[in-house]
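Open the model in your viewer and set it to a cartoon view. We will take the tour in short stops, and at each one you will select something and look at what is there.

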Amino acid sequence: MCSSDLRKLGARGHIEERAFERVEMHLPVWIVPGLMAKESEGEWDEGEQFEGTVVDLSEGGAALHADLALEAGDSLAFWSADPDVWLPPTTAQVLHVEALAKGGVFHLQLLESPSEELHAAIDALRPEEAL
């Protein structure tokens, strides 16, 4: 799908325009808040890892549920904790937070997305009725 195509999706009573279709899923992931790539060395500056779940994913963004205290503007990296689904470390920025009693749902913009692996993960986790 080209980026000029827009999808209108209902989300909690309002319409959002998105460049890419988001696929609902339940993918366990590892998260490192504030993680920044060391570009010159091609390495990750690792911090403490936390567990979370990707609840929807697209080529440009994701929604992630985790018991973390993050705010809009924070950066993080996440990758698959599911041995059957390969999603390498992906950097993202928090755009919006839905606070929950425990943690929150963090709406993310992907900063660096491994597109081939991202497509494969989305296809592997797409509900069968959507195929």
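Which residue stands opposite Ser75 in β9? Select Ser75 and look across to the neighbouring strand: the residue facing it is Gln93. Keep in mind on this tour that you are looking at a predicted model.

**Stop 1: the whole chain**

Zoom out until the whole chain is in view. The protein chain has 131 residues, and 37% of them count as buried. You can find one helix and 10 strands. If you follow the sequence from start to end, the pattern reads β-β-β-β-β-β-β-β-β-β-α, with the helix coming after the strands. Now turn on the surface. The chain exposes about 7900 Å², and carbon and sulfur atoms supply 48% of that area. Among contacts with a separation of 6 or more, 54% are between residues 24 or more positions apart.

**Stop 2: the barrel**

Colour the strands β3, β6, β7, β10, β9 and β8, in that order. They make a closed barrel of six strands, with antiparallel pairing. On average, neighbouring strands of this sheet are turned by 45° against each other, direction ignored. As background, strands of a sheet pair through backbone hydrogen bonds, either parallel or antiparallel.

**Stop 3: around β8**

Select residues 75-80, which form strand β8. Is this strand mostly covered or mostly open? It is mostly covered, since six of its six residues are buried. On one side, four bridges join β8 to β9 (residues 90-99), and the two run antiparallel. You have already seen Ser75 opposite Gln93; now add Phe78, which stands opposite Thr90 in β9. Strand β8 is also joined to β3, by five bridges and again antiparallel. For that pairing, show Trp30 and find Trp79 of β8 opposite.

**Stop 4: from β3 to β6 to β7**

Next, select β3 (23-33) and β6 (50-57). These two pair in the antiparallel sense over seven bridges. Click on Pro28: its bridge partner in β6 is Thr53. Stay on Thr53 and look towards β7, where its bridge partner is His65. Strand β7 covers residues 61-66 and pairs with β6 in the antiparallel sense over five bridges. Between β6 and β7 there are three residues, and the two strands form a hairpin.

While you are in β6, pick out Asp56. Is Asp56 buried or exposed? Its relative accessibility is 15%, so Asp56 counts as buried, the cut-off being under 20%. Show what surrounds Asp56: leaving out residues up to four places away in sequence, it touches Arg22, Val23, Glu24, Met25, Ala62 and Ala63.

**Stop 5: Leu95 in β9**

Move to Leu95, which sits in strand β9. Leu95 is partly exposed, with a relative accessible area of 47%. Setting aside neighbours within four places in sequence, the contacts of Leu95 are Ala72, His107, Leu108 and Gln109. Try your distance tool here: the C-alpha atoms of Leu95 and Gly61 are separated by 9.7 Å, and the two residues are 34 residues apart along the chain.

**Stop 6: the helix**

Now select residues 115-125, helix α1. The helix lies across β3, β6 and β10, and runs at about 135° to β3. Show the side chains of Leu118, Ala121 and Ile122, which are buried. Why are they on the same side of α1? They cover an arc of only 100° around the axis, which puts them on the same side. A general rule helps here: an α-helix has 3.6 residues a turn, so residues three or four places apart point the same way. What covers the buried residues of α1 includes β3, β6 and β10 (104-112). Now turn the helix round to the face turned away from its buried side, where you will find the exposed residues Glu116 and Ala124.

**Last stop: a salt bridge**

Finish by showing Asp123 and Arg126. They form a salt bridge, with the closest N and O atoms 3.6 Å apart. In general, side chains of opposite charge can pair when their charged atoms come close. How many salt bridges does the count come to? The count comes to one.

Key:
Residues numbered from 1 in each chain as written. Predicted model: local features only at pLDDT ≥ 70, side-chain atom pairs only at ≥ 80, totals over all residues. Heavy atoms only, no water. Buried < 20%, exposed > 50% of the residue type's maximum accessible area, 1.4 Å probe, protein only. Arc of directions from axis to C-beta. Contact = heavy atoms within 4.5 Å. Pairing = 2+ DSSP bridges. Salt bridge = Lys/Arg side-chain N within 4 Å of Asp/Glu carboxyl O. Axes fitted to C-alpha atoms, helices over the stretch in contact; angles between N-to-C directions. Areas by Shrake-Rupley, 256 points an atom, 1.4 Å probe, with all protein chains shown as cover.
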